[in-house]
Every structure is written in C-alpha cells, then in structure tokens.
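Me: Please take a close look at one helix of this model, and set it in the context of the whole chain. I would like the cut-offs behind each term as you go.

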Amino acid sequence: MFFSAVGHGSLRNLEKRRIGSRSELEAHKAGLLGKTELDGSDYADLNMIDKALDADDVGQLTQVLDILGAREAARRTLAAENPPDLGYEVAEGTDGETILAAKMAADQQALSNILRHDPEKTAQTVAELAFHFPAFRVYAVDTVAELPQEGQRSLLADGIDPFAVRAYTDKTNAVWVVTHNTRPSEVSKVVVHEIIGHHGLRAVFRGGFGAGGTAITRRRF
C-alpha cells in the first residue's frame, strides 16, 4: 500500500506538471500569434510548440519550455543592452532592463486587447464599482440591444458602430456599461469618461458650448 500511494502521488504530480506546461506553452503560442509580424524564428517556435502540444508528453512539454525559457533569457539580456524603442522619450539614465520591461508590458496589453474577455467579469467589476461608489449610478448590460430606448435611437441616428460602444450615459446621468464591448480593466476608465466627459462638461459649462462641445455631450457615447 505504501508504494502504491507513492506511485499515485507521483502520477498526480506528473499530471500537474503536464497541465501546467501545456498552459504555459499555449500562452506562449497565443503571444506569438498576437504579434503583428512573425519572422522565421517565430514560425520555428510555433512548429516546435505545436509538436509538443500534439504529443502531450510531460517530458517533451517541459523540454520545449526550457528551450524557450533559455532563448527568452538570452533575448532579454541582448535587449537590455540595446533597449527597444518605446515610441516616446524616457527619462535620461533609465536602464535597459526598465525600458525592456515597459516594452513587454505594452506588448502584453496590446495582446490582451485582441483576446476575448469574459463579459461576466466585466459585469462583476461594474457591480463592485457601484457598491463602493453608490453616488455613481452605474449599470451593466450585455449588449447595446439592452440599452435604454433613447440610447438605441441615438446610436442609430448618429450611425455609431454598436460593437464600438462601451458605455452610454442617459439623460438622468446614469451610466450603462456594455459588458461584451468592455474589458474588466477598462470599466473604471470608461465610467470616469462618461461621468466627466458628458455629465461633467454639462455641469461645468452649463450649456455654454460651441458647436463641437454640443455634439460631444449630445451623443452621450
């Protein structure tokens, strides 16, 4: 019985390693596929990853992870010595590792923006925001089809793409967040934009807008 128990424990550990390794390789694959352009080494990595995923063998999975990890470590060292261009100026004296980290964070954000998100998590985030800030009347709807009728009419009248609508502010200044179009991490920014950008402007200027300002507040999206 003792040896049998050890055997089962080892099998469980192997299964955990297999599942964890698969998950890491699938994430690495998603990162490669999210790049705007792939080079020869990227295609070679994709081929290697696919073969390991198809084999589904823990030894092969971890071996490929080790190869990719060593390659990534070498790339980071090289990139730190020759920092990538961030597209904007950084403070003088900023070290290469920090610049590389900023670039990787930007790439990760770009990748997350093209991956699907869970609308239910967006709805939960909206509910948490409404709970902690009861002065904000914030509601979650799945799609633009569930927005108030006045919002749907305005959307059609202005020719706005329904898939681009993340939130709507009605005439009572309540904010409606469209969960299928808004990521959980975007909720607070979207709500602040709606409150400040629409209700806030009306409160500050009290109707004293030019034509451009009137159009901004009238659309409410």
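Reply: From the N terminus on, the elements of the protein chain run α-α-α-α-α-β-α-β-β-α-α, which amounts to 8 helices and 3 strands; helices (H or I, at least four residues) and strands (E, at least two) are DSSP runs, numbered from the N terminus. This is a predicted model, in which local features need pLDDT of at least 70 and side-chain atom pairs count only at pLDDT 80 or more, while totals for chains, interfaces and linings use all residues. Residues are numbered from 1 along each chain as its sequence is written, and side-chain values use heavy atoms, with hydrogens and water left out.

The helix to look at is helix 2, residues 40–55, whose 16 residues reach 23 Å from the first C-alpha to the last. That span is close to the 22 Å expected at 1.5 Å a residue, the expected value being 1.5 Å times one less than the number of residues. The buried residues of helix 2 are Asp42, Asp45, Leu46, Met48, Ile49, Ala52 and Leu53, where buried means under 20% relative accessible area, exposed over 50%, and partly exposed in between (1.4 Å probe, protein chains only). Seen down the axis of helix 2, these buried residues fall within an arc of 165°, so they line one face of the helix; the arc is that of the directions from the helix axis to the C-beta atoms. On the other side of helix 2, Gly40, Tyr43, Lys51 and Asp54 are exposed.

Asp45, which is found in helix 2, is buried, with a relative accessible area of 7%. Leaving aside its neighbours within four places in sequence, Asp45 is in contact (heavy atoms within 4.5 Å) with Leu32, Leu68 and Arg71. After helix 2 comes Asp56, whose phi is positive, near 55°.

As for the wider chain, buried residues make up 29% of the 221 residues, and residues 24 or more positions apart account for 55% of the contacts with a separation of 6 or more. The strands form an open sheet of 3 with the order 1-3-2 and mixed pairing, two strands being paired if DSSP finds at least two bridges between them. Strand 1 and strand 2 (167–169) are the edge strands, each pairing on one side only. Strand 1 and strand 3 (residues 175–178) run parallel and are joined by 4 bridges, and Tyr139 stands opposite Trp176 in strand 3.

In the loop between strand 2 and strand 3 lies Ala174, which counts as buried at 1% relative accessibility. Beyond its neighbours within four places in sequence, Ala174 is in contact with Arg137, Tyr139, Tyr168 and Thr169.

Confidence should be kept in view when reading all this: the chain averages a pLDDT of 77, and 78% of the residues score at least 70, pLDDT being the predictor's confidence in each residue, from 0 to 100. Among the elements, helix 8 (residues 211–219) has the lowest mean pLDDT, 41, and strand 1 (residues 138–141) the highest, 93. Over residues 1–8 the pLDDT is below 50, and this stretch has 0 contacts in the model beyond near neighbours in sequence. Over residues 201–219 pLDDT also stays under 50, although the model has 21 contacts beyond four places in sequence for them. Where pLDDT is low, the predicted coordinates should not be read in detail.
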